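Please describe how the chains and domains of this model meet, and where its nonpolar residues gather. The report should be in running text with one small table.

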Amino acid sequence: MENFEPKIVGFLCNWCSYRAADLAGSARIKYPPNVRVIRVMCSGRVDPAFVLKAFSMGADGVMVAGCHPGECHYIEQNYKAMRRFYMLKQTLVAMGLEPQRFELVWASAAEGQQLAEAIERMTDNVRRLGPLRWAENWADDPQREEALQHIVKEHEEALEVIS
Amino acid sequence: MKYAYYPGCSLECNAAAYDMSVREVADLLGIRLQEIDDWNCCGATEYFSQDELTATAVIARNLALVDPQLKQVVAPCAACYLNLKKTDRLMAEHADFNQKVNEALAAGGLHYRPGTVQVRHMLDVICDDIGEAAVRDKVVKPLNGLRVAPYYGCQVVRPYPGDENPEYPMKMDHLLSWLGAEVVDYPVKAHCCGGHMTQISEPQAFELIRRLLQSAQDYDADLIVCMCPMCQLNLDGYQGRVNGYFNTEFKLPIVYFTQIMGIAFGLDPKKLGFGKELVAALPVVRAKVNGLAAQAAQ
Amino acid sequence: MAERVGIYVCHCGSNIAGMIDVEEVARWAGQSIKDVVVSRDYKFMCSSLGQKLIEDDIREQGLTRVVVAACSPHLHEKTFRRACQNAGLNQYLCQMTNIREHVSWVSTDRQKATEKAKALVAAAAERVKHQRPLEQGFVKVNPATLVIGGGIAGLQATLELADAGYPVYLVEREPSIGGHMAQFDKTFPTLDCSACILTPKMSEVGQHENVKMFTYAEVEEVSGSVGCFKVKIRQKARHVIFEKCTGCGICVEKCPRKVVDNVFEAGMGYRKAIYTPFPQAVPRTPVIDTANCTWFTRGKCQVCSKVCPTQAIDYDQKDEIIQIEVGNIIVATGWKLFDCTRIPQYGYGRLANVFTNMEFERMCNAAGPTGGKIVLRDGKTEPRRIAIIHCVGSRDVRHNQYCSAVCCMAALKFGHLVLEKTKAEVYSFYIDMRTPMKDYEEFYQRLLEEGMHFVRGKVAEVTDAARLPDEQGSLIVQVEDTLLGTQRRIPVDMVVLMAALEPQADAKELGLKLGISCSMAGWYTERHPKLDPVATMTDGVFVAGACQGPKDIPASVAQGAAAAARVAGMITAGKVTIEPIIASIDEQKCSGCRICNNLCPYNAIEYDEEKGVSRVVAAMCKGCGTCVSACPANAITGAHFSNEQIAAELEGILWDAIADGRPASAAPDGSKAPQSTPVGAA
Amino acid sequence: MSKGKLALYWAASCGGCEIAVLGIDEHILDVAKAFDIVFWPCATDGKVRDVEKMPDGSIDLCLFNGGIRTSEQEYMAQLMRRKSKVLVAFGSCAHEGCIPGLANLYNRKAIFDTVYKEGSTTFPENPQDHRPQPITDVPEGKLSLPLFYDTLKTLDQTVEVDYYLPGCPPEAKNIWAALVAVLEGKLPPKGSVIGLHTTVCDECPRKRSEKKIKKFYRTWEIIPDEENCLLEQGLVCCGIATRAGCGALCPQVNSPCIGCHGPNDGVEDYGARLMSALASVIDSQDPEEIQRIIAEGIPDPVGTFYRFSLAASYLRRSKAFGGDGAAAAQPTPLAAKA
């Protein structure tokens, strides 16, 4: 756990939050390297399926970042992102995911510092929660192999009895 | 509404009028105050500069003693209010410090988790929790004609002003207007009263006191209401000395805001602690407030 | 057939290589990522040699996809796309990933930074394989331009374009163009008469054959996009018929109703209920202020109608909506003054002789309410001592953190006017004196010599509570003089507050109509703070003047001209390229559920009732992708940001999570969710 | 032409699919004409050992319904795969887990608790809290039961599947159409879902307009009008995201679609489509109001969005009871602190 470095996927909108990340870079603001960025044109492009896929593939957290409400480059599409975020979050929490693993962040193109802080905060939170390893939830039963072998053996024995 | 109540030392002696009027007014407004059992001194101003850790531990003991059912503690004294609030903040913001304070508390079998108790001033409780409608509802003797200068002092609005402008707070102005008083908008309402300077350098303290009295008088105030025992003591108790020192003739009564509320609510002045101040307030109040003079004559 | 991917990792000198082991990233990518045939690192990919490297590889190695790991695509995406295009590879088959701004510059641990860079490279490589060649489209540019705001910036922009022969629509909210500059007496540091240099421009605009002016009008609605905006303008009812009015002014003269003028005179003077804001107003046509006109409020009077020689008064006039079409829009909506009552300790509104800078401007103006005399609120007493307080509402974390940029110079100008017109002493209370432009510092020196007093310190309060006999009856300015290191109390007769410049109250609202955003402080955001200061994120919408941030007259004029030059450039080019990143609907899959129909703020989705399917109008789509991710039938595809591309990017970006996070026993099942590891064994 | 060999098998499902096969009515005679039914435990007296003895790939078509809940079902899935040329995931359970897949919100222990401990019918009979054991020693030897898995898997998460026939159960006309396709050799590309490539709205006769939702209703809260789109009336109708082919059966009788046909072509997570579409048209920009609309209108999000497809979704199951239930059910460190 000590050395656990969470892997967080960040969906950043092209106009505000991606530029905020650019600005954080230009300003040499340091933050943890755990958020890996996927650029989308708008937070409204973020499909819940991307988030679910990310978790299923081993992401420990997912961040969606867009322009502030009312400041969307596409006028109001970030509101749609917000609605989907709450809808998906309710479902994820119902499935046992810790709410801190899925966050929505607003960062304008001028808010490199704020975005860096949000990344730092989320990285800390997820690190505290530990690895997610969602796919292990459906790992095979330890007794599975034995149980299958047992069926094969029983059937063979039965065949012997008959013949 | 029920709150833990931390009167503090002043309210047991020189500011007894504050304690009496707070309890009377609270009772009438349905504010239930449950005094903290076995509370101790807040250490006033000095202890913090002597030994921060001990001072904090001493204050934190009071927070730890708050009935866990109650989430808020009311302190009428500005210094007590600030010290309790400061303690809670210090413990919340500095984990190691919090740990040390709690080690000290543990010696007495106590523990305090910062943030559990919200520290409130009586003025905030009345203005924010009770609100305008309920206060107006209780006014039976509107203070029409009485020019009241609200005096905030330092410690309630600094450094934690809440939603107030620390340079120019307004809450008591609003409250007084609900009571029907003419509120004096004078420029020094949040300036310093001199605090403990009276014990260190009288000329400095007297100058600070004089400014307040002068400005209130320039704006034709009939009396000043305050919300801190220290302020009341300086403005009222030292008024005579200031007059002697500067050759002035101030005669401004200084009372607590809860006392003047009590008058508007029609409560018995004696039960509100009137008469304990040095510059008598009742004659002024009776002379100015319409209808009160006649009532007093009866 | 498998794609042939080339990977190029930039050192950016030491900007990237200093924190990321770029050789290792390139080596690893070449060995581990499927379909990668070339993987190189290079000192400066954006140099012509770096670009040539890519071009040569495309030609010689037959690359079909290119990944450049370097700086932000906002800086160099075009560069590398062009390089690909030069070598015959469609530019949309090139993907950039940002390992400088997003990795090297923000990281402190070389190993972790290198790991992150690998993930980003893997993501880009997986994504690029799914990218499709796309072609850019073109839209013709309407040569007409809309300028919003008739202040000096908007006037300048209007004249530049009109003089160049292009039609301009100018919309101004107030009854006259001119803006704040019309209110000023003198301009710093040259002390030119403001009206003398402004009014010629105003009348030029008013008479220009290429300018159609809408005063007392506001922009109601904007639709369309660069090249072909459709704009609805609300022409507010003037109650004076524009065509009939000769501007003789007799109605104003005879109107019996006097009203305090809070706009032009900043509350210092009066106007009539029917009025033109000031004598040199353009147009000369007055307006009736219906909130104060006795005919409108009490149903009596009609004097103006009786005296009008041309029957131009029309009490029944209604607001009118006018539709225009333009190719570009210049926003020059300016600023509003900070409300000084928000700082009660300075006493504005409470202490009579505390003035704002705009009030003082009007007082100094010879055409103003006092005829240019500097007097106290009583209208007659000349002050003996005047305090000018800087940074009221600026450089103050409680109000506005920014510097309002013009107040120091305006304060110096006031100082000069006071010293010139009166015998008063003038004190300037400043935090820092900011005089960076041409001849500004010299002007400061001049005021030092003229005897203006400068006290460095933020004023604590302005009070009438006197302490000393000589303070009686004065306003006392309490300040810590930070040069002397002492508290000072300076008694004065008059205080002038240099109030901050703030964004217009409805700046956000207009921004929403135009699709441009505001900074946290509320100023319009330019496309790039240094390299593209008048363009915005929305193509075809430009900003000029103080609506983009506080600035003085020369800077506003320069921006107005700059914005006009940008627009003229667009008009001359005649067409703009349209990004092919748009959505499209597969009619086979679309069930006509109509979920997407009202998701598009640009109304680019229409419903075909007959076929029962929805359709994207390509020319109107801006490519945000919101409808793509909303479609429940998976019928909408977003070009260049398709589900497949983003899914592939995810697989790349989580390559190491897939490698180490997945239980071995789950590996052989043929499930859909985690696909086989996208990159070979590392 | 020699007759083809047909097998049908029933794993974790309700049995409805078996009956649905009979829904093709007299066409069953055509089936009998075209195929030898070599294995159909529900209807014929075939034995597993007979199948085991068949050469691999000797069955032409196997219609397999039900998800994989136990070791026996997994064994059978592997066996039928090995013996069959064409393996069809028949019906929603085999296709995407269906209702039995919703048990993936729990694990073996929780399910057994419900059945053997808390269930009102079992508890009085089971005071010693007996649980099924894979192996039980008795004097005569070892008795065995199949191992009950923590997680239900779909057929294609267990073995390779050639085609999918959606529906709970598949409609008779679609079953017959699929059989005809097999007989005529006109099957679509491997891995396809046999059916239409659009969603239920396409077959729904209701009137649709632009959508804005201020409140979601549950079916018992309102009686919808019969003219207009049910979703526009606030009912969570899954037709927008559900593959067409049923003829919009449920909306036709004034009941919202519940999504048994699963998603349209190319969709990997059915619930994501529904969530995204529904959230997009919520008519509010206020975060608190949005959360209230969702929380009040959709109290059971997993059951609403993944009623038939939880096991086939990206996440497949819940976390709190995941894997080895006891360990995973521990509260998270943060939750423990609060």
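Leaving aside its neighbours within four places in sequence, which residues is Val495(C) in contact with? The model is a predicted one, and in it Val495(C) contacts Asn353(C), Val354(C), Phe355(C), Ala387(C), Ile389(C), Val462(C), Leu475(C) and Val477(C), once the neighbours within four places in sequence are set aside.

**Nonpolar cores**

Val495(C) also belongs to the largest nonpolar core, which holds 381 residues, and together with Ala69(C), Leu497(C) and Phe64(D) it touches the most other members. Helix α5 of chain C, residues 110–128, supplies the largest share of this core, 10 residues. A second core, separate from this one, has 102 residues, among them Ala26(B), Leu63(B), Leu235(B) and Ala264(B). In soluble globular proteins, nonpolar side chains tend to be buried together.

**Contacts of chain A**

Where chain A meets chain C, 49 residues of chain A are in contact with 54 residues of chain C. On the chain A side, at least two residues each come from α1 (17–26), β2 (35–40), α2 (48–56) and α3 (77–94), and α1(A) provides the largest share, six residues.

The contact between chain A and chain D involves 42 residues of chain A and 45 residues of chain D. Here the elements of chain A that each supply at least two residues are α2, α3, α4 (112–129) and α5 (144–162), with α3(A) giving the most, 11 residues.

**The two domains of chain B**

Chain B is assigned a domain 1 spanning 2–121 and a domain 2 spanning 139–297, and the centres of these two domains, taken over C-alpha atoms, are separated by 25 Å. Their contact draws 21 residues from domain 1 of chain B and 24 residues from domain 2 of chain B. On the domain 1 side, α1 (16–29) and α4 (78–93) of chain B are the elements that give two or more residues, and α1(B) gives the most, with nine residues.

**Composition by class**

The table sets out the residue classes for one side of each contact described above.

| Side | Nonpolar | Polar | Charged |
|---|---|---|---|
| Chain A, touching chain C | 25 residues | nine residues | 15 residues |
| Chain A, touching chain D | 22 residues | nine residues | 11 residues |
| Domain 1 of chain B, touching domain 2 of chain B | 14 residues | five residues | two residues |

Methods
Residues numbered from 1 in each chain as written. Chains lettered and ligands numbered in written order. Predicted model: local features only at pLDDT ≥ 70, side-chain atom pairs only at ≥ 80, totals over all residues. Contact = placed C-beta atoms within 7 Å. Helix = DSSP H or I, 4+ residues; strand = E, 2+ residues; numbered from the N terminus. Nonpolar A, V, L, I, M, F, W, Y, C, P; charged D, E, K, R; others polar. Core = buried A, V, L, I, M, F, W, Y, C linked by C-beta atoms within 7 Å. Buried ≥ 20, exposed ≤ 12 C-beta atoms within 10 Å, placed from the backbone. Domains from an automatic or database assignment.
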